[in-house]
Protein chains: 2
Amino acid sequence: MTDSVLNSELSSQATKAHAYGKVDRDNLHDDLLSRLRDFIVEGHLLPGGRIPERHLCEAFHVSRTPLREALKVLAAEGLVELLPNRGSRVRQFTDKDIKDCFEVLAGLESAAGRLACARITDDEVAEIEQLHYDMYGHYMRRELPEYFRLNQAIHEKLVAASGNDALQATYRTFTARMRQLRYSANVLASDRWGQAMREHEKMVDALRRRSGEELATILFEHLLNKWRAAADSLEREDAQGS
Amino acid sequence: MTDSVLNSELSSQATKAHAYGKVDRDNLHDDLLSRLRDFIVEGHLLPGGRIPERHLCEAFHVSRTPLREALKVLAAEGLVELLPNRGSRVRQFTDKDIKDCFEVLAGLESAAGRLACARITDDEVAEIEQLHYDMYGHYMRRELPEYFRLNQAIHEKLVAASGNDALQATYRTFTARMRQLRYSANVLASDRWGQAMREHEKMVDALRRRSGEELATILFEHLLNKWRAAADSLEREDAQGS
DNA sequence: CTCGGTTAAAATGAATGCAAACCTGCGGTT
DNA sequence: AACCGCAGGTTTGCATTCATTTTAACCGAG
C-alpha cells in the first residue's frame, strides 16, 4: 500500500517535473540533482519506502545513468540510503540522527557567530537588527509563519556574515536534512516561543557588541534548545499518534 | 608536460590498484570511491591538471559508469571539480578555501569539545591525558613525526568523544581536504610548536574540569592559530619558490 | 491452511554504444 | 606574422544493453 502512495506521488510529480521544461543537455546532472533533492526534502517520497529507479526515471524524464549519479550524491549528503542490490530509499532519521544534526548546526552557527563578530560591518548588523525587530512584531501579533520565515532569514544572514563559503555550504546540507523532518515548523508553536525570542534578543546584543565568544555560546545553546523543543513535541506527537 | 607526469603517476597506480585485489561486485562503488579519494588525498594527481576518464578507468580497472559516479560524489565532497563537457580535475584550493576549511574545522572541534565535556567519562579523559603526556614526551625530545601523530590522535579522540556521528563524518571530510595540502606536516616545524603545546595543556585542563564553554573557545582559537601558522609557512615557501 | 522450495519476473550494477561538445593542427586571410 | 575558421580525432554525457541479484509468485508437502 505504501507503493500506491508512492506511485501517485510520483505520477503527480511527473507532470510537475515536465512543467520545469526540458533542460540543456549539459546541465542535466546539476539540475536533476537539485530537483531530486528538493523533491525529497519537500517530503514527496516516504522515508524508508522503496523507490524503484525506473519510476523516478519516468517522473524526471531521464535515463537511469544520470539518476543513479544523482542518488549517489544525495547518499553522500545523507538524504538517501543506498542498500546494495536493493535500491535506494529516503533516509529515515533516528532520534539520535536528529539530535546529532542539531548539534552540528549548533557548532556551525556558533562558529559563524564568532567569525561574523570579527568581520561584520555596521550595515550588516543593522540589517539583522531590522529583521529582528520585524520578527518581534510578528511575535507580538502571534503571526507564526511570518515569524518563522524571518527567524530562518536571520540565521541564514548570520551564517552568510561569517564570510565562509565552506561553512555556509555545510550549513545548508544540514538544514536540508532538517527540513526533511516536518519539525521545524511545528516546534515554535509550543511555549518555547517566548524563550526563543529572549535568546534572539541576546544574540543581537552580543553581535552588536561584537562579542564573538558570548555569541558562540548563545547560539550553541539556542540550537540545542531548539532541539529539546523539537524532541519534546515529537514525543507528544508520538504519544498522541499511538 | 603535465600530461606526462600524470600518465606516469597513473600507470604506477595501475599496479598499486591491482595490488588491492579484485573486490566484491557489490561493493565496487564504495570501494572505488574510497580508493579514488585516497588516491587524490595522497596527492597522486596534480591539482588543476586534467584527468581523462579513460586513464582513470584503466588505472582502477573499472568502466566509466562507476568511475563517473565516484567522481560526482567526490565533487560533492569538494575534492574534485567537474567542468561541464571538459572533464574532472583535482580541485585547486585557494588561500581563501584553506582559511575557510580551517574555520569550519575550528567550529566543528569547538562544538565537539562542548559536547564532549557534557558526556565524556573519566576513563576517556584519562586516555586523552595519557596521549597528551606521551605527546609532551615527544615534544621534549623533538620527535616531530611522533608528536604529529599523537596530536592528530588527540583531536580525533576528542571529536569521537562528542558522541556525534554526523559531526565526526563532517570533520573527516574536512580533514581530508586538508590532507590534500601538504601543510599540516610542515606547519609545526616552526616556532609555533611551543605555543601549540601550551594550548594543548589548556585544552586538557578545560576538559578535565568539564568546562565546555572554555574548551570551545580554546579549540576554536587553537585551530585558527594552526591556520595562521600554515598561512605563514605557505608564504615563506612561496617567497622561497619564486 | 501454512510453510518451504522452486522458478519466473523485475530491479539493480556495470559495460557498451552513440551523438554532441571539445581540443588540435592546418591552411587561408588580413 | 598574427589571427580566424574549420576539418579530424578525442572526450564527454547520456541512453541502452547485458549480467547478476533480488523479489514475487507459485506449487506441493506436511
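This is a working chat about a predicted model with two protein chains and a DNA strand.

Biologist: What should I know before reading the numbers?

Modeller: The model is predicted, so local features need pLDDT of at least 70 and side-chain atom pairs count only at pLDDT 80 or more, while totals for chains, interfaces and linings use all residues. Residues are numbered from 1 along each chain as its sequence is written, chains are lettered from A and ligands numbered from 1 in the order in which they are written, and side-chain values use heavy atoms, with hydrogens and water left out.

Biologist: OK, chain A. How many helices and strands?

Modeller: Chain A has eleven helices and three strands. Helices (H or I, at least four residues) and strands (E, at least two) are DSSP runs, numbered from the N terminus. From the N terminus on, the order is α-α-β-α-α-β-β-α-α-α-α-α-α-α.

Biologist: And how much of chain A is buried?

Modeller: Of its 242 residues, 50% are buried. Buried means under 20% relative accessible area, exposed over 50%, and partly exposed in between, with a 1.4 Å probe and protein chains only.

Biologist: Switching to the DNA. Which residues are closest to strand C?

Modeller: R64(A), R68(A), L28(B), S63(B) and T65(B) are the closest of the 20 residues that surround DNA strand C. A residue is near a strand if one of its heavy atoms lies within 4 Å of it.

Biologist: What classes are they, across that whole surface?

Modeller: The surface near DNA strand C has nine charged, six polar and five nonpolar residues. Here Asp, Glu, Lys and Arg count as charged; Ala, Val, Leu, Ile, Met, Phe, Trp, Tyr, Cys and Pro as nonpolar; the others, Gly among them, as polar.

Biologist: Which part of the DNA faces the protein, bases or sugar and phosphate?

Modeller: Of the strand C atoms within 4 Å of the protein, 69% belong to sugar or phosphate and the rest to bases. On the base side, a polar side-chain atom of R64(A) is 2.9 Å from a base nitrogen, and a side-chain N or O atom of T65(B) is 2.8 Å from a base nitrogen. On the phosphate side, a polar backbone atom of E53(A) lies 3.3 Å from a phosphate oxygen.

Biologist: Which elements supply that surface?

Modeller: Those giving two or more residues are β1 (50-51), α3 (53-60) and α4 (64-77) of chain A, with α2 (28-41) and α4 (64-77) of chain B. The largest share, three residues, comes from α4(B).

Biologist: What about E77(A), where does that sit?

Modeller: E77(A) is in helix α4 of chain A. Its relative accessibility is 16%, so E77(A) counts as buried. The side chain of E77(A) makes a polar contact with the side chain of R37(A) at 2.7 Å. A polar contact is a pair of N or O atoms within 3.5 Å; within protein, one must be able to donate a hydrogen and the other to accept it, and residues adjacent in sequence count only if both atoms are side-chain atoms.

Biologist: Now the two chains. How many residues does each give to the contact?

Modeller: Chain A gives 32 residues and chain B gives 32 residues, where contact means heavy atoms within 4.5 Å. The chains bury about 2800 Å² between them, 55% of it on carbon and sulfur atoms. Buried area is the accessible area (1.4 Å probe) that two parts lose on being put together, summed over both. In chain A, E69(A), K72(A) and R114(A) lose the most area to chain B, together 19% of what that side buries.

Biologist: Which residues touch the most others in the largest nonpolar core?

Modeller: L108(A) and L108(B), out of 44 residues in that core. A nonpolar core is a set of buried Ala, Val, Leu, Ile, Met, Phe, Trp, Tyr and Cys residues joined through side-chain atoms within 4.5 Å. Among the residues that L108(A) touches are F174(A), V104(B) and L108(B), not counting residues up to four places away in sequence.

Biologist: Last one. Is N85(A) buried or exposed?

Modeller: N85(A) counts as exposed because its relative accessibility is 62%. N85(A) lies in the loop between β2 (80-82) and β3 (88-90) of chain A, and has a positive phi of about 65° although it is not a glycine.
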